[in-house]
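Biologist: I should like to go through this structure with you step by step. Please begin with whatever term I shall need in order to follow the packing of the helices.

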Amino acid sequence: MNKQNNNSLRSIKLLSAFCFCIWLSSCAGSKPAAQTDVKNILESRFAEGKEAYAKEDWLEAIRIFDEIRLQAPTSSYAIEATYLEAMSRYYAETFISAAVDFRAVRRNYPTSTLAARAQFMEGESYSRLSPRA
């Protein structure tokens, strides 16, 4: 009797999982529109971040670029957002945080054109932290 209950429970779980998969695949039809909306939002946030960076509003730029980096780490904006966040931290004279962000550019995006610049700026950040002779 106990074996039969276990088989029934297993069947119910499998059926539930199957129904969930079907439901999930039926929702996939609206995905392209949602992706477009996300891309537009991301693009506008990135533009806001660059505007704050250009105005030398370092704290606002850091906040926006950090948001982009955390919410869309694989997007085309993530590389430049991470680099610009690091530059904003450098200019705000938070050199240890800047060094960490520059290292993240090198580690997470080693083939990027910004990787070499990030490596140099990481060294500059540590140089600014070191005591003067």
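Modeller: A crossing of two helices is called left-handed if the near helix is turned anticlockwise from the far one by less than a right angle, and right-handed if it is turned clockwise. Please bear in mind that this is a predicted model.

Biologist: With that term in hand, in which hand does α5 pass α6?

Modeller: The axes of α5 and α6 come within 8 Å and cross at roughly 160 degrees. Angles over 145 degrees count as roughly antiparallel, and α5 and α6 are therefore roughly antiparallel to each other. The crossing in which α5 passes α6 is left-handed.

Biologist: Are α4 and α5 roughly parallel or roughly antiparallel to each other?

Modeller: The axes of α4 and α5 come within 8 Å, and their crossing angle is roughly 160 degrees. The passage of α4 by α5 is a left-handed crossing. Since the cut-off for this class is an angle over 145 degrees, α4 and α5 are roughly antiparallel.

Biologist: Which salt bridge links helix α6 with helix α5?

Modeller: The side chains of Glu 122 and Arg 103 meet at 3.1 Å, N to O. Glu 122 belongs to helix α6 and Arg 103 to helix α5, and the two are 19 residues apart. The salt bridge asked for is Glu 122 with Arg 103.

Biologist: Is Glu 122 buried or exposed?

Modeller: Residues under 20% relative accessible area count as buried. Its partner Arg 103 has a relative accessible area of 33% and is partly exposed. Glu 122 has a relative accessible area of 7%, so Glu 122 is buried.

Biologist: Which helices each supply at least two residues of the nonpolar patch?

Modeller: The patch is formed on the surface by Ile 96, Val 100, Tyr 126 and Leu 129, with about 340 Å² of accessible area together. One of these residues, Ile 96, is found in helix α5, and Ile 96 counts as partly exposed at 47% relative accessibility. The helices that each supply at least two residues are α5 (95-108) and α6 (114-129).

Biologist: How far apart in space are Arg 117 and Val 105, C-alpha to C-alpha?

Modeller: Arg 117 has its place in helix α6, and at 48% relative accessibility Arg 117 counts as partly exposed. In sequence, Arg 117 and Val 105 are twelve residues apart. In space, their C-alpha to C-alpha separation is 9.5 Å.

Biologist: Turning to salt bridges in general, how many does a search of the whole structure find?

Modeller: Among them is the pair Lys 50 and Glu 80, whose side chains meet at 3.6 Å, N to O. Arg 45, Glu 48, Glu 60, Arg 63 and Glu 67 are linked in a network of salt bridges. For the whole structure, the search finds twelve.

Biologist: How many residues apart are Lys 50 and Glu 80, which link distant parts of the chain?

Modeller: The salt bridge between Lys 50 and Glu 80 has an N to O distance of 3.6 Å. Lys 50 lies in helix α2 (residues 31-54) and Glu 80 in helix α4 (residues 78-91). Lys 50 is partly exposed at 37% relative accessible area, and Glu 80 is partly exposed at 32%. Along the chain, the separation of the pair is 30 residues.

Biologist: Which residue meets Glu 51 in a salt bridge?

Modeller: Glu 51 is partly exposed, with a relative accessible area of 46%. The partner is exposed, with a relative accessible area of 62%. The N to O distance is 3.3 Å, and the partner is Lys 55.

Biologist: What is the phi of Glu 56, in the loop between α2 and α3 (58-71)?

Modeller: Most residues other than glycine have a negative phi. Glu 56 is exposed, with a relative accessible area of 55%. Its phi is positive, near 60 degrees.

Biologist: Where does Glu 93 lie?

Modeller: Glu 93 also has a positive phi, near 65 degrees, in a residue other than glycine. A relative accessible area over 50% counts as exposed, and Glu 93, with 54%, is therefore exposed. The place of Glu 93 is in the loop between α4 and α5.

Terms used: Residues numbered from 1 in each chain as written. Predicted model: local features only at pLDDT ≥ 70, side-chain atom pairs only at ≥ 80, totals over all residues. Heavy atoms only, no water. Patch = residues over 30% accessible without salt bridge, like charges linked within 9 Å, V, L, I, M, F, W, Y side chains within 5 Å. Areas by Shrake-Rupley, 256 points an atom, 1.4 Å probe, with all protein chains shown as cover. Salt bridge = Lys/Arg side-chain N within 4 Å of Asp/Glu carboxyl O. Helix = DSSP H or I, 4+ residues; strand = E, 2+ residues; numbered from the N terminus. Buried < 20%, exposed > 50% of the residue type's maximum accessible area, 1.4 Å probe, protein only. Axes fitted to C-alpha atoms, helices over the stretch in contact; angles between N-to-C directions. Parallel < 35°, antiparallel > 145°, perpendicular 65-115°, else oblique.
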